[in-house]
Amino acid sequence: MPPRKKRHAKAGKSKKKPLLWTLAIILLLIIGGVAYYFAAIYNQLDDLQKSGEDSPFANIPSAAVPASEPPKWEGTEPVNILLMGVDARGVKEGEVPRSDTMLVAALDPVKKKFYVFSILRDTYVDIPEYGKERINTAITHGPNTAMQTVSDLLGIPIQYYVYTDFQGFIKLVDAVGGVDYEVEKDMVYKTKADGPEYDIDLKKGFQHLDGNQALQYVRFRHDATSDFTRTERQRGFLKAVADKVISTTSLLKLPDILSQVVPFVDTNLSVNDMVKLASVGYDSSMGGSEQIPPMSLLTEETTRGGSAVIGFKSEEALQEFVQETMTEPEPTPSPEASPGSSPSASAGTE
């Protein structure tokens with residue numbers, strides 16, 4: 001009898017071994033998959049920072065503002081990033097086009113708030129070493145010149161830049177599966193001079209926009225308020241794209257999304273900085289979104305050559321406006337409103 005019990009015990013142990021080996025193999029596969037996933041993301045992020053002949057600024061002979069390493073960001077102090085979008089269609093190879101879109105994303109990691117300032121591209125400013133020009137020409141002299149120009153205008157340090165061709169924007173929107181968005185009116189612009197690739201033809205209403213349609217939406221400015229409403233549309237749409245990117249589905253597809261946009265993006269952000277920014281930005285909310293110059297300070301000017309440009313009443317007043325936007329306190333809830341009431345319901349009772 002005792003020997004028989006011993007054989008049963010051995011048989012029980014032998015049955016457990018295949019199960020343990022199976023669990024170990026599954027665990028290794030999961031670890032390997034996760035490691036591959038994050039390695040793929042790291043490699044893609046690292047490729048965003050271009051150098052040498054891969055840089056879109058390789059043919060700029062010398063920078064008026066010397067290149068310098070961005071300050072080490074510890075993840076606790078405010079950081080400001082210049083985002084520039086250019087339309088390189090029809091531009092000669094190696095030539096840097098003027099920026100069609102310029103935005104500054106200001107992130108306050110302590111308050112967990114971010115602020116977006118969209119700069120009107122015809123704003124007439126002093127560009128270091130080049131004199132008075134439209135601000136959209138600053139990037140043609142290199143990213144350091146562009147960052148210094150915007151820093152001087154807004155009165156805040158610009159530590160980083162992100163530069164992208166509009167083809168990268170199209171690829172990003174397509175990679176996340178498009179964006180559902182409300183187009184506020186019919187948008188039509190067609191001209192034989194520009195060619196069919198510049199045509200804009202969107203209908204009013206809530207709809208699904210793919211990359212090409214999204215680019216049409218953010219580019220449209222052929223209405224009474226021109227660039228003023230366009231910058232407002234851009235800020236709103238970019239927020240919708242950001243919300244789609246950080247959705248669970250898109251995060252799972254992140255390596256593929258990055259592979260689509262990497263060829264069209266250049267930045268001075270390191271991978272470590274991107275990771276820190278992503279972790280802080282994920283928990284942050286929009287604190288404010290404004291046009292620069294604001295309508296209250298905007299003036300219409302004419303250059304010596306007779307071109308119409310945008311000016312501003314006072315550089316000091318403009319910089320105060322930027323600071324006030326980023327320090328404005330949170331709105332206090334109305335005492336009449338109950339905790340569960342919706343904003344629309346409260347608005348209807350006023």
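This report describes a predicted model of a protein chain, from its overall make-up to a few single residues.

## Overall make-up and confidence

The protein chain holds ten helices and 14 strands. Of its 350 residues, 40% are buried. Many contacts link distant parts of the sequence: among contacts between residues at least 6 apart in sequence, 68% join residues at least 24 apart.

The average pLDDT of the protein chain is 79, and 74% of the residues score at least 70. For residues 333–350 the pLDDT is below 50, and this stretch has two contacts in the model beyond near neighbours in sequence. Where pLDDT is low, the predicted coordinates should not be read in detail.

## Helix α2

Helix α2 covers residues 143–154. Its twelve residues should span 16 Å at 1.5 Å a residue, and the end C-alpha atoms are 16 Å apart, so the expected and modelled values agree.

Most of α2 is covered, with ten of its twelve residues buried. Those buried residues are P143, N144, T145, A146, M147, T149, V150, S151, L153 and L154. Just after the helix comes G155, which has a positive phi of about 80 degrees.

## Packing of α2 against α9

Two packed helices are described by the angle between their axes and the distance between the axes. For α2 and helix α9 (residues 315–327), the angle is about 90 degrees and the axes are 7 Å apart. An angle of 65 to 115 degrees counts as roughly perpendicular, so α2 is roughly perpendicular to α9. On the α2 side, the contact is made by D152, L153 and L154; on the α9 side, by E315, L318, Q319 and V322. By type, the residues of this contact are four nonpolar, one polar and two charged. Two of the α2 residues in the contact, L153 and L154, are also in the list of buried residues of that helix.

Q323 is another residue of helix α9. Its relative accessibility is 36%, which lies between the limits of 20% and 50%, and therefore Q323 counts as partly exposed. In sequence Q323 is 169 residues from L154, yet their C-alpha atoms are 8.8 Å apart in space. Leaving aside neighbours within four places in sequence, Q323 is in contact with G155 and I156. G155 is the residue with positive phi just after α2.

## Q216 in helix α4

Q216 belongs to helix α4, which runs over residues 211–219. The relative accessible area of Q216 is 10%; buried means under 20%, so Q216 is buried. Apart from neighbours within four places in sequence, Q216 contacts D199, I200, D201 and L202.

## Backbone exceptions in loops

Most residues other than glycine have a negative phi, and most peptide bonds are trans. The loops of this model hold some exceptions, described here one by one.

K112 is not a glycine but has a positive phi of about 55 degrees. It lies in the loop between β2 (99–108) and β3 (113–119). With a relative accessibility of 40%, K112 counts as partly exposed. E129, also not a glycine, has a positive phi of about 75 degrees. This residue is in the loop between β4 (124–127) and β5 (131–134). E129 has a relative accessibility of 67%, and over 50% means exposed, so E129 counts as exposed.

The peptide bond joining I292 and P293 is cis, with omega at about -5 degrees. P293 is in the loop between β12 (285–292) and β13 (298–302).

## A58 in the loop after α1

A58 is found in the loop between α1 (2–46) and β1 (79–86). Its relative accessible area is 34%, so A58 is partly exposed. Not counting residues up to four places away in sequence, A58 touches G52 and E53. A58 and E95 are 37 residues apart in sequence, and the distance between their C-alpha atoms is 9.3 Å.

Note on methods:
Residues are numbered from 1 along each chain as its sequence is written. This is a predicted model: local features need pLDDT of at least 70, side-chain atom pairs count only at pLDDT 80 or more; totals for chains, interfaces and linings use all residues. Side-chain values use heavy atoms; hydrogens and water are left out. Axes are lines fitted to C-alpha atoms, for helices over the stretch in contact, and angles run from 0 to 180 degrees between N-to-C directions. Helices (H or I, at least four residues) and strands (E, at least two) are DSSP runs, numbered from the N terminus. Angles under 35 degrees count as roughly parallel, over 145 as roughly antiparallel, 65 to 115 as roughly perpendicular and the rest as oblique. Contact means heavy atoms within 4.5 Å. Ala, Val, Leu, Ile, Met, Phe, Trp, Tyr, Cys and Pro count as nonpolar, Asp, Glu, Lys and Arg as charged, and the others, Gly among them, as polar. pLDDT is the predictor's confidence in each residue, from 0 to 100. The expected span of a helix is 1.5 Å times one less than its number of residues. Buried means under 20% relative accessible area, exposed over 50%, partly exposed in between (1.4 Å probe, protein chains only).
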